[in-house]
There are 2 protein chains.
Amino acid sequence: MSDTKSLVKAKKNYHHGDLRGQLLEAVRELVERKGPDGFSIAEACRLAGVSTAAPYKHFTDRNDILRSAVLLAMERLYLAMKDAADAHSAGDPARVAALGQSYVDFARTEPGMFRIMFGMTDGQEDCPELTRVGESCKLIVEQVAGDHMGVPPDHPMAVAWAYALWCFVHGHSFLQMDDKLAQKAPPEMEARMLHMVGEAMPNLS
Amino acid sequence: MSDTKSLVKAKKNYHHGDLRGQLLEAVRELVERKGPDGFSIAEACRLAGVSTAAPYKHFTDRNDILRSAVLLAMERLYLAMKDAADAHSAGDPARVAALGQSYVDFARTEPGMFRIMFGMTDGQEDCPELTRVGESCKLIVEQVAGDHMGVPPDHPMAVAWAYALWCFVHGHSFLQMDDKLAQKAPPEMEARMLHMVGEAMPNLS
DNA sequence: TACATATGTAAGTGTCTCTAACTTAGGCAA
DNA sequence: TTGCCTAAGTTAGAGACACTTACATATGTA
């Protein structure tokens, strides 16, 4: 037998290399292709080329897999929000709108994962990493809101407006995904609305 | 054999009477008890006391059952919103807040159904009844917003602010359900926020 | 080289959705 | 009343899925 640890990505290796990561990627792809209810772990296994029992060497159960996939998605969302905030200076009135836009864009780019992130009902409580990333996202919003109003990010006004901004943007993200109501509003309407919220925020400086 | 059509609600009837309605009620109960992902049609059948094949005499498939349950829930939401709007006169500034509060209260009372209503990804498109009820809800919000601003409900300002109000309230409903962020805000904070949105709406009259 | 451990497979269990074929209840016409 | 037609149940079973158990193989380390 020749050494099968060839150049071709371990062609016929018994061991997979990075099954954990590839499963999470397969889940992400399937969730977007088939919707948050139409995918299965078994299908992700087929995509990764392993048996349906393999995942249980890396995860405790289906929920654990989903939670891990959600964690990765939350980190992508965090990076998108951070990039948007960093792209503008603290005083720029467009900064609030850009932050909101990044959130909406994420929901539009990954609607399936977005739904799972905020629709999961079990097993997301006792996940400190998930809580930590969520907290980091909240901090960005509070920082941006505080900068906009000329107060520190932990100022009650900053916290309150940050939450209000989040509510608004989160609601818009959901409503435009299932366009039950958003009857194809003109594309510039969204940007105008986000600016409107920014302008509604009091400027205390 | 005696006549089994007794007083006791057709005790051992082969035919069920109102299986369709009872299945939908069982689904509603299970969704709240076990969460939107933890229930099954089979369990609803057990609750209703029929075999697992029985539902398919009344519905085409699982999605059809869910869609029908969602329709009933949407009608409950509509009634709650209508009651809230009717409880205040057109000029009352508390009317906007009350309407938003009714929405949030519904999400809190039926969190499972609320999630399914706005989380369903298949088979909700081609349902004219669902669209109709959703449209009725939207009309209430536009009416209330228009009244508040002193313009007709189809005025662009009324439509825009109605959508903004809906986004805000919808986002808050979701965020406080999975309290990933809403770290037990004080209970009066919610009412104050809703009033704030009402006051932010321009009064053109 | 030998062994412990990590990571895969095959086979099997229980549940779920949905179908097919059969059975019974109830209504209506003759 | 009798006899059929249809609506609304049943049982049995297929196929998919989540998950478990027992077994096999590769990898790292003493």
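The following exchange concerns how terms are applied to a predicted model of two chains, A and B.

Modeller: Residues are numbered from 1 along each chain as its sequence is written, and chains are lettered from A and ligands numbered from 1 in the order in which they are written. Because the model is predicted, local features need pLDDT of at least 70 and side-chain atom pairs count only at pLDDT 80 or more, while totals for chains, interfaces and linings use all residues.

Biologist: What makes the relation of chain A to chain B that of a two-fold axis?

Modeller: Chain A superposes on chain B (least squares on C-alpha atoms of residues with pLDDT of at least 70 in both) by a rotation of 180 degrees with 0.0 Å of shift along the axis, at RMSD 0.0 Å. That is therefore a two-fold axis. The same surface serves both copies, as 100% of the contact residues of chain A recur in chain B.

Biologist: How many residues of chain A are in contact with chain B?

Modeller: Contact requires C-beta atoms, placed from the backbone, within 7 Å; by that rule 26 residues of chain A are in contact with 26 residues of chain B. The largest share of the side of chain A, 10 residues, comes from α7(A).

Biologist: How do you know that helix α6 of chain A is close to its expected span?

Modeller: Helices are DSSP runs (H or I, at least four residues), numbered from the N terminus. The expected span is 1.5 Å times one less than the number of residues. Helix α6 of chain A, residues 128-149, has 22 residues and reaches 31 Å from first C-alpha to last, close to the expected 32 Å. Just after α6(A), A:Gly150 takes a positive phi of about 75 degrees.

Definitions and conventions:
Helices (H or I, at least four residues) and strands (E, at least two) are DSSP runs, numbered from the N terminus. Two residues are in contact if their C-beta atoms, placed from the backbone, lie within 7 Å.
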